[in-house]
Amino acid sequence: MDQYAQDDLKLIYRVLHRHLGQNPDLLDSQFFEDLQRRLHKQAGAEGVDVADHGAWDEWLGNAPVSCESRMEKRSAFN
């Protein structure tokens, strides 16, 4: 992962994360796990609290979404 630009990694993560519902196997993917771990580490080094979903979303380049709104749209994986 070190050879790729941070902006490229963020883009790939956003696209993959957006499609988790259609591709739940991504949750078990070692690549997805490594990518998320890498981005969490980078965000933390920049002072972002990755447990704060709004701050995490904003750092990734998404519009921040409140936890209440996020929970309303959440569905269970089968």
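Author: Welcome! Let's start with one idea: residues are in contact when they have heavy atoms within 4.5 Å. Keep that in mind as we read this predicted model.

Reader: What share of the contacts in the protein chain with a separation of 6 or more comes from residues 24 or more positions apart?

Author: In this protein chain, residues 24 or more positions apart make up 37% of the contacts that have a separation of 6 or more.

Reader: How many helices and strands does the protein chain have?

Author: There are four helices and zero strands. Following the sequence, you read the pattern α-α-α-α.

Reader: How do I read the confidence of the prediction, and which element has the lowest mean pLDDT?

Author: The general idea is that pLDDT gives the predictor's confidence in each residue, from 0 to 100. Here the protein chain averages 88, and 83% of the residues score at least 70. Among the elements, helix H4 (residues 67–73) has the lowest mean, 60, while H2 has the highest, 96.

Reader: What does "buried" mean here, and what percentage of the residues count as buried?

Author: Buried means under 20% relative accessible area, and partly exposed lies between that and 50%. Of the 78 residues in the protein chain, 23% count as buried. A good case is Leu 35, which lies in helix H2. Leu 35 counts as buried because its relative accessibility is 0%.

Reader: Which residues does Leu 35 touch, leaving aside its neighbours within four places in sequence?

Author: With those neighbours set aside, Leu 35 is in contact with Met 1, Leu 9, Ile 12, Tyr 13 and Leu 16. Take Ile 12 from that list: Leu 35 and Ile 12 are 23 residues apart in sequence, and their C-alpha atoms are 8.8 Å apart in space.

Reader: Is His 40 buried or partly exposed?

Author: His 40 also has its place in helix H2. At 28% relative accessibility, His 40 is partly exposed. Not counting residues up to four places away in sequence, His 40 touches Val 50 and Trp 56. From C-alpha to C-alpha, His 40 and Trp 56 are 8.5 Å apart, with their positions 16 residues apart in sequence.

Reader: And where is Arg 37?

Author: Arg 37 is in helix H2 too. Its relative accessible area is 45%, so Arg 37 is partly exposed. The side chains of Arg 37 and Glu 33 are joined by a polar contact of 2.5 Å.

Reader: Which residues make up the largest nonpolar core?

Author: Twelve residues make up that core: Leu 9, Tyr 13, Leu 20, Leu 26, Phe 32, Leu 35, Leu 39, Ala 43, Val 48, Trp 56, Trp 59 and Leu 60. The elements giving two or more residues to this core are H1, helix H2 (30–45) and H3. H2 gives the most, with four residues.

Reader: How many aromatic pairs does the structure hold?

Author: The structure holds three aromatic pairs. In one of them, Tyr 13 and Trp 56 have their ring centres 5.7 Å apart and their planes at 75°. Planes over 60 degrees apart count as edge-to-face, and that is how this pair is classed. The pair links distant parts of the chain: Tyr 13 is in helix H1 (residues 6–18) and Trp 56 is in helix H3 (residues 53–60), 43 residues apart. Tyr 13 and Trp 56 are both buried.

Reader: How are Trp 56 and Trp 59 arranged as a pair?

Author: Trp 56 and Trp 59 are stacked, at 5.7 Å centre to centre with 15° between the planes. An α-helix has 3.6 residues a turn, so residues three or four places apart point the same way. Trp 56 and Trp 59 are three residues apart in helix H3, so about one helical turn separates them. Trp 59 is buried, as is Trp 56.

Reader: Which residues form the aromatic cluster?

Author: One aromatic cluster is formed by Tyr 13, Phe 32, Trp 56 and Trp 59. Tyr 13 has further company: leaving aside neighbours within four places in sequence, its contacts are Phe 32, Leu 35, Gln 36, Leu 39, Trp 56 and Leu 60. At Trp 59, Lys 10 lies over the face of the ring, 4.0 Å from the ring centre.

Reader: What caps the N-terminal end of H3, and what follows H3?

Author: Asp 52 caps the N-terminal end, with a side-chain oxygen 3.0 Å from the backbone nitrogen of Gly 54. After H3 comes Gly 61, which has a positive phi, near 105°. Within H3, the buried residues include Gly 54 and Asp 57.

How values were computed:
Residues are numbered from 1 along each chain as its sequence is written. This is a predicted model: local features need pLDDT of at least 70, side-chain atom pairs count only at pLDDT 80 or more; totals for chains, interfaces and linings use all residues. Side-chain values use heavy atoms; hydrogens and water are left out. Rings of Phe, Tyr and Trp (its six-membered ring) pair if their centres lie within 6.5 Å; planes under 30 degrees apart count as stacked, over 60 as edge-to-face and the rest as tilted. Buried means under 20% relative accessible area, exposed over 50%, partly exposed in between (1.4 Å probe, protein chains only). A charge sits over a ring if NZ of Lys or CZ of Arg is within 6 Å of the ring centre and within 35 degrees of the ring normal. A nonpolar core is a set of buried Ala, Val, Leu, Ile, Met, Phe, Trp, Tyr and Cys residues joined through side-chain atoms within 4.5 Å. A polar contact is a pair of N or O atoms within 3.5 Å; within protein, one must be able to donate a hydrogen and the other to accept it, and residues adjacent in sequence count only if both atoms are side-chain atoms.
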